[in-house]
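Me: I would be grateful for a careful reading of one part of the model shown below. Please place that part in its wider setting as well.

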Amino acid sequence: MQPAPADAAAQDRDIVALLQSGALEPAFQLTLARYQDKVYRLCCAVLRDPSAAEDAAQESLVRIWKAIGSYDGRASLSTWIYTITRNRCLSAIERRRELASLSDEAVAAEAEAQADSYGVTDAEPQEGSALLREMVDLLPERYRRTLTLFYYEDRSVSEVASMLGMPEGTVKTNLSRARAALTEQLRRRGLADPRHWLETSP
Amino acid sequence: MSEPMHPDDFQPLDAALARALPPPALPAGFQVRLQAALTRDASDADGRAASRAHAQREQRQRLAELDADYLSLRRRTLGTLIGGAFAAGAAVAVAFPWLQASFGTNAIYVLASLGALVGLGIGTASWIGRVRLPNLLGRL
């Protein structure tokens with residue numbers, strides 16, 4: 001459950017006040033409590049692979065701890081944190097590309113297996129949801145990322161915009177296009193009435 | 001041609017997507033691994049700070065030694081010059097009467113030639129050392 005925007009802003013103000021008073025350790029603990037889940041979700045949405053996302057989230061949080069003393073308040077705390085996280089994710093993607101360029105089929109197969117493991121939980125996957133996730137994965141990257149984060153973040157457009165560093169209007173446009181593309185895919189797969197199919201999926 | 005989507009058409013899709021894309025929870029052990037990473041990073045940083053301090057201390061010591069060596073070299077050079085000048089003056093004072101007796105009025109030219117030869121010899125030796133020319137004189 002997301003905290004109300006006013007609560008979130010108050011928490012950020014508390015963190016900034018602690019930073020300004022030089023209390024770095026308590027400020028970081030509050031930052032962790034407020035942002036570690038979000039940082040991990042952002043990494044999941046960008047990288048798809050849970051273990052890569054965990055590594056990137058850990059690196060981001062260590063980086064945040066190292067740099068928290070130099071946070072100067074020019075950007076909002078959330079913007080600062082998400083920028084660090086996105087940069088870590090981009091580095092992870094770069095590393096993955098370098099690995100892929102050096103790799104052979106075994107590495108490619110492993111990467112595919114990791115991508116397949118994303119979203120799998122202990123519970124038996126629901127058929128409708130699994131199909132929907134598969135279709136989401138086929139969306140163009142910017143739509144997939146926006147749509148995934150939108151649902152991770154309890155349908156908060158402003159939070160997704162802040163996490164991805166893009167204007168809210170762009171987020172709304174991406175969401176609308178992603179949904180339209182998904183509906184079109186459902187139609188193409190012979191599910192002529194997506195509404196009916198979705199309502200009856202378990 | 002597909003029909004334009006009405007916003008209401010998205011409602012069932014929205015509900016299905018919310019079910020299909022639940023927010024991922026932090027993996028088990030995330031906190032422990034994060035604390036370990038933070039501790040490791042802190043000890044690395046301490047290690048780096050200690051190495052840096054040690055290197056800076058060593059650099060300061062070396063600079064102080066170099067300064068001291070440079071000063072003593074300058075003092076030795078100055079001492080050698082002054083000593084050499086006095087020794088040369090004493091040698092001239094002792095040798096000049098004998099040169100005058102032997103060479104007459106040409107004694108001053110002989111003395112100047114001797115001085116020039118000694119000067120050239122010292123200069124050549126110092127340049128051989130400076131440009132690392134093969135020390136032919138030393139081999140002789």
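What percentage of the 202 residues of chain A count as buried? With that as background, please take a close look at helix 2 of chain A, residues 24-47.

Reply: The model is predicted, and it scores ipTM 0.75 and pTM 0.63. Of the 202 residues of chain A, 33% count as buried. Chain A has 10 helices and zero strands, so that its elements, read from the N terminus, run α-α-α-α-α-α-α-α-α-α. Among the contacts in chain A with a separation of 6 or more, 60% join residues that lie 24 or more positions apart.

Helix 2 of chain A is the part you ask about. Its 24 residues would span 34 Å if the helix were straight, at 1.5 Å a residue, yet the end C-alpha atoms are only 30 Å apart. The same helix has a kink of about 50°, centred on Tyr35(A). Helix 7 of chain A offers a second case: its 12 residues reach 16 Å from the first C-alpha to the last, close to the 16 Å expected at 1.5 Å a residue.

Tyr40(A) also belongs to helix 2 of chain A. Tyr40(A) has 26 other C-beta atoms within 10 Å and is therefore buried, because the cut-off for that class is 20 or more. Leaving out residues up to four places away in sequence, Tyr40(A) touches Ala53(A) and Ala57(A), together with Pro24(B) and Leu26(B) of the other chain. Asp55(A) is 15 residues away from Tyr40(A) along the chain, and their C-alpha atoms are separated by 9.3 Å.

Helix 2 of chain A also has a place in the nonpolar interior. The largest nonpolar core has 47 residues, and Cys43(A) and Leu47(A) have the most contacts inside it. Helix 2 of chain A provides the largest share of this core, 10 residues. Beyond its neighbours within four places in sequence, Leu47(A) is in contact with Ala52(A), Ala53(A) and Ala56(A), and also with Cys89(A) and Ala92(A). Ala53(A) is thus a contact of Leu47(A) and of Tyr40(A). After the helix comes Arg48(A), whose phi is positive, near 70°. Most residues other than glycine have a negative phi.

The helix takes part in the contact between the chains as well. That contact draws 31 residues from chain A and 22 residues from chain B. On the side of chain A that touches chain B, helix 2, helix 3 (50-67), helix 6 (127-137), helix 7 (141-152), helix 9 (168-188) and helix 10 (194-200) each supply at least two residues. Helix 3 of chain A gives the most, with seven residues. By type, this side of chain A divides into 14 nonpolar, seven polar and 10 charged residues.

Helix 7 of chain A is largely enclosed by the rest of the structure, because 10 of its 12 residues are buried. Among these buried residues are Arg144(A), Arg145(A), Leu147(A) and Phe150(A). Just after this helix, Asp154(A) takes a positive phi of about 60°, in the loop between helix 7 and helix 8 (157-164) of chain A. Asp154(A) has 11 C-beta neighbours inside 10 Å and so counts as exposed, since that class requires 12 or fewer. Arg155(A) lies in the loop between helix 7 and helix 8 too, and has a positive phi of about 60° although it is not a glycine. Arg155(A) is partly exposed, with 14 other C-beta atoms within 10 Å.

The partner, chain B, comes to four helices and zero strands. Buried residues make up 4% of its 140 residues. Chain B averages a pLDDT of 83, and 86% of its residues score at least 70. Among its elements, helix 2 (residues 30-103) of chain B has the highest mean pLDDT, 88, and helix 4 (residues 136-139) of chain B the lowest, 56. Over residues 1-5 of chain B, pLDDT stays under 50, and the model has five contacts beyond four places in sequence for them. Where pLDDT is low, the predicted coordinates should not be read in detail.

Notes. Residues numbered from 1 in each chain as written. Chains lettered and ligands numbered in written order. Predicted model: local features only at pLDDT ≥ 70, side-chain atom pairs only at ≥ 80, totals over all residues. Expected span 1.5 Å × (residues − 1). Bend = angle between axes of the 7 residues up to and from the residue. Contact = placed C-beta atoms within 7 Å. Nonpolar A, V, L, I, M, F, W, Y, C, P; charged D, E, K, R; others polar. pLDDT = per-residue confidence, 0-100. Core = buried A, V, L, I, M, F, W, Y, C linked by C-beta atoms within 7 Å.
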